[in-house]
Amino acid sequence: MLKQRLMTPGPTPVPEETLLELAKPVTFHRSGQFRAILAEVLEDLKYVYCTKNLVLPLTCSGTGAMEAAITSTGVPGDKAICLISGRWGERWRNISKAFGLIPIEITVPYGKSVSPAQLEAALKEHPDAKIVCCTLSETATGARNDIKAFGAILKDKPQILIVDAISGLGVMECRTDDWGVDMCVTGSQKALMLPAGLAFISVSDKAWKLIDANTQQKSFYFDLKKYRDNLKNNDTPFTPANTLIKALKHSLKMLRAEGIENTWARHARMGKACRAGLSAMNLKLLAEDPVDGLTVAWVPEGVDGTEILTRLEKGYGVKVAGGQDTLKGKIIRVAHMGYMDMFDVLTAVSAIEMVLVEMGHKLEPGAGIAAAQKSLTSGIKAKA
Ligand SMILES: *Cc1c(COP(=O)(O)O)cnc(C)c1O
């Protein structure tokens, strides 16, 4: 028998309390009881987002909320500066194109982060741009982008800042209001410790001004004004995934109990340990400035990355992710986000080490796990 361990950067493991809620009978959503739960969940989301603004709940995957951000603020012919550090940044460009906006692409090679200077240069060249789209945690490469710096640049500018924080919110510092993020998007299946099916988007006053001035709204379902109006009564314009929202209440309470800064610290510690472990196995890390919710490493020369994944899953019950598109077979992506702790990191490092030994990769067995353990121990003080 093998215990199955889900270590992909979405979906992620779901805590027991949340799973138990999901096992309960389905209830009707237009009720005082559900409205009270929704109100509570939206308050707790504001806490996780570090925002005072409304966070709108959408029933869709994360991409739906990205699409909602674009279609509610932009109209055909508008310029959208897209800061692209990987596949998810590319998604901003693709959504913009799909709705007739003109994407201004600022692209960096895989593994790099977009620099604030690049945003400044893009704004200088395109002062007429309407929106700026970027990614907090680029899940395709493990690169982190400096949202705080982007926000500071846009502070007194007309453009709004839209952030895909889907694999970053609830993992790494993300101060929506303090950093000047106008629309911040996340999905339920990453650090919010829930199955896929819900997405959320925060909206600042600056963004609402654009939305209210938009007379060419191209989406019916994702018309954010409808959500705002309905939420005045803690209601939603369409049937919400109320079962998921009731379950989310439990996951959010766990985050509240931990404290958001402690949540960030836990992920930082896991990220550091995982990077130490993989590096000690002679694996090269992809990202220069890495995120904390996942670790991305190149597979060694001459080793088939797809085979690593198959062996990990079939032989060890450990499910990690590989590369997408042009990175397929070339990288592995190990998640440590959401309902995970340091022992999950040790498990992943250990399993990868065993698979690499099996495949004849040169390494000292135990070197990875020792380095990860050492990293985790470095913060511990001896107690009498
Ligand atoms: C997972 C992820 C998405 C996902 O979108 P879905 O529509 O939920 O599949 C978008 N952006 C980032 C950075 C992600 O990690």
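Start by selecting Gln 189 and the ligand: a polar side-chain atom of Gln 189 sits 2.8 Å from a ligand oxygen, a polar contact (a pair of N or O atoms within 3.5 Å). Keep the ligand on screen, since the protein buries 89% of the 390 Å² that the ligand exposes when taken alone (accessible areas by the Shrake-Rupley method with a 1.4 Å probe).

A word on what you are viewing: this is a predicted model, where local features need pLDDT of at least 70, side-chain atom pairs count only at pLDDT 80 or more, and totals for chains, interfaces and linings use all residues. Residues are numbered from 1 along each chain as its sequence is written, and side-chain values use heavy atoms, with hydrogens and water left out.

Next, pick Thr 139, where a side-chain N or O atom is 2.4 Å from a ligand oxygen. Then go to Gly 62, which places a polar backbone atom 2.9 Å from an oxygen of the ligand. Widen the selection to the residues around the ligand (a heavy atom within 4 Å); among them are Ser 61, Trp 88, Asp 164 and Lys 190.

Now show the largest pocket (on a 1 Å grid over the protein atoms alone, an open set of points where a 1.4 Å probe fits, with protein on both sides within 12 Å along at least five of seven lines; lining residues have an atom within 4 Å of a point). Its lining has 18 residues, and Pro 9, Gly 10, Trp 88, Gln 189 and Lys 190 lie nearest the centre. Colour that lining by class to find 4 nonpolar, 10 polar (Gly counts here) and 4 charged residues.

Key: Polar contact = N/O pair within 3.5 Å; in protein donor to acceptor, adjacent residues only side chain to side chain.
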